[in-house]
Amino acid sequence: MRIERIGQDHPELQKLRHQNQWKMETAYALPLIREGSSAYVRNAKTDVQLLQAGDHLLPITVNHAEYDNSYVCSPYSTYVRYAQEELYLLQSPLLRKTLGAVLGGIGPLLKKARIDQNVHLNNWLLSTNLYEPIEPEVLRELTCRLTGEFPGHALIFRSLNRVTNADMMEELRRLGYILVPSRQVYFFDGRAPDYLRKKNNIWDRKLLEKAPYDLVEHDGIQPEDYPRIKELYDLLYIEKYSPINPQFTTAYIENAHRQRLIRMRGLRDGEGVLQGVVGCFIRGGVMTVPIVGYNTALPQRTGLYRMLMSMVLQEAAERGMLLHLSSGAAHFKRLRGGKPAIEYSAVYLRHLPVGRRVVWELLSFLLNRVGVPIMRRYRL
């Protein structure tokens, strides 16, 4: 099996552009390799490479100690910075105070263990990475090869869950990876879309049908819309939720739209201005929605978020696909038929010094024993 890392100076880099077998992977990764990741995802300072392993071409990211990065390539941001921001969701003041103290204490320990010195495999720098099936022998070879090339880095597969990745998770465990929980996510099964009969979804669909907006399909979005799409995404995910979410640039939006990496749809008002947008990413027969944005200055009763989610839920049913609707807005998603699942990162540590292994294993233990029950109890 051929396993080869392809970075900025690799002689085969330009040849990959003409191989239809990996059209999606190269259209995504080559601009980030050539111009640097932060030109496309502002808060993701990382070395993007492509990893060829047999018939697979995987984007990988290499980091060392970038603790202010987005969680898409920073476990520290996932388990400390983002967790601190989410404490307000807990109803118990005592629990919020206790967990706040724990996070404040564990942060320096994670930095000492160099938790952000890692290689993420199949990392698309999206809130949710989706996977094509990867054969067990490929996973074994990748692990062996990369531990040799990166002896001081943990290896991480992010965004794994037992709904879409059960076999892969089991194989990674057999190889010695540990499973570290990260968040609770929600699924809608468009292959049997009973969720469309939920009363909230019926109300949302009627709201969309009566709304004073034109539904714009992917090809109806124009280059002059790219800055507006970025603005709408930022209003929701960066300003309303968290600056730790991936901060896409206008260049990212343009590349994703032009190359059809993310299928975008919008709601345009009578003056031709986009007031809402969604972008769907499809891989391995699963759909997720990494781009959602709307004009948050409009009154909540306008229902833009409800309309955008109605568009997505209907599209999943029309395509007959499983929809991975990520985390957040848990109550909203449950009311509309979303089914929860715990998401994990699979982390390989056996080649690292014992002190760093112990810290990762302690983190896994705490999150499995304490974090997961809290996520389930409070329906986060």
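Buried, in these legends, means a relative accessible area under 20%, exposed means over 50%, and partly exposed covers what lies in between. Everything shown comes from a predicted model.

**View 1. Met169, a residue of helix H5.**
Helix H5 runs over residues 166-174, and Met169 sits in it. Is Met169 buried or exposed? Its relative accessibility is 2%, which is under the 20% limit, so Met169 counts as buried. Set aside the neighbours within four places in sequence, and the contacts of Met169 are Leu160, Asn161, Arg162, Leu179 and Tyr344. Tyr344 is the one to look at for chain distance: 175 residues separate Tyr344 from Met169 along the chain, yet their C-alpha atoms are 9.1 Å apart.

**View 2. Glu171 and its salt bridge to Arg140.**
We're still in helix H5, this time at Glu171. Glu171 has a relative accessible area of 7%, so this residue falls on the buried side of the 20% cut-off. Which residues does Glu171 touch once neighbours within four places in sequence are left out? They are Pro136, Leu139 and Arg140. With Arg140 the contact is also a salt bridge between side chains, at 3.6 Å from N to O. This pair ties together distant parts of the chain, since Arg140 belongs to helix H4 and Glu171 to helix H5, with the two positions 31 residues apart. The partners don't share an environment class: Arg140 is partly exposed at 42%, whereas Glu171 is buried at 7%.

**View 3. Glu315 and Arg263, part of a salt-bridge network.**
The side chains of Glu315 and Arg263 form a salt bridge with an N to O distance of 2.9 Å. Here, too, distant parts of the chain are linked: Glu315 is in helix H9 (residues 304-319), Arg263 is in strand S8, and they are 52 residues apart. Glu315 is the buried partner, with 3% relative accessibility; Arg263 is partly exposed, with 28%. Where does the pair fit in a wider picture? Shared partners join Glu217, Arg263, Arg265, Glu315 and Arg319 into one network of salt bridges.

**View 4. The salt bridge of Asp189 with Arg191.**
The side chains of Asp189 and Arg191 meet at 2.8 Å, N to O. Asp189 is partly exposed, its relative accessible area being 29%. Arg191 comes out at 57%, so it passes the 50% mark and counts as exposed. For the whole model, the salt-bridge count is 20.

**View 5. Helix H8 and what it packs against.**
Helix H8 takes in residues 250-258, and its buried residues are Tyr252, Ile253, Asn255, Ala256 and His257. What do these buried residues pack against? Two helices and two strands: helix H1 (23-35), helix H7 (226-241), strand S8 (263-268) and strand S10 (286-294). After H8 comes Arg260, whose phi is positive, near 60°.

**View 6. A nonpolar surface patch contributed mostly by helix H11.**
Leu109, Leu362, Phe365, Leu366 and Val370 make a nonpolar surface patch of about 380 Å². Helix H11 (residues 354-377) supplies the largest share, four residues. A reminder that helps when reading the spacing: an α-helix has 3.6 residues a turn, so residues three or four places apart point the same way. Leu362 is one of the patch residues and is located in helix H11. Its relative accessible area is 37%, so Leu362 is partly exposed and clears the cut-off of over 30% used for patch residues.

**View 7. A negative surface patch that includes Glu137.**
Which residues form the negative patch? Asp55, Glu135, Glu137 and Glu141 do. Glu137 is placed in helix H4, which spans residues 136-149. With a relative accessible area of 39%, Glu137 is partly exposed.

**View 8. Gly54, in the loop between strands S2 and S3.**
The loop holding Gly54 connects strand S2 (47-53) and strand S3 (56-63). Gly54 has 25% relative accessibility, so it counts as partly exposed. How far is Gly54 from Pro299? The two are 245 residues apart in sequence, and their C-alpha atoms lie 52 Å apart in space.

Note on methods. Residues numbered from 1 in each chain as written. Predicted model: local features only at pLDDT ≥ 70, side-chain atom pairs only at ≥ 80, totals over all residues. Heavy atoms only, no water. Patch = residues over 30% accessible without salt bridge, like charges linked within 9 Å, V, L, I, M, F, W, Y side chains within 5 Å. Areas by Shrake-Rupley, 256 points an atom, 1.4 Å probe, with all protein chains shown as cover. Salt bridge = Lys/Arg side-chain N within 4 Å of Asp/Glu carboxyl O. Lys, Arg positive; Asp, Glu negative; His and termini not counted. Charge placed at Lys NZ, Arg CZ, Asp CG, Glu CD. Buried < 20%, exposed > 50% of the residue type's maximum accessible area, 1.4 Å probe, protein only. Contact = heavy atoms within 4.5 Å.
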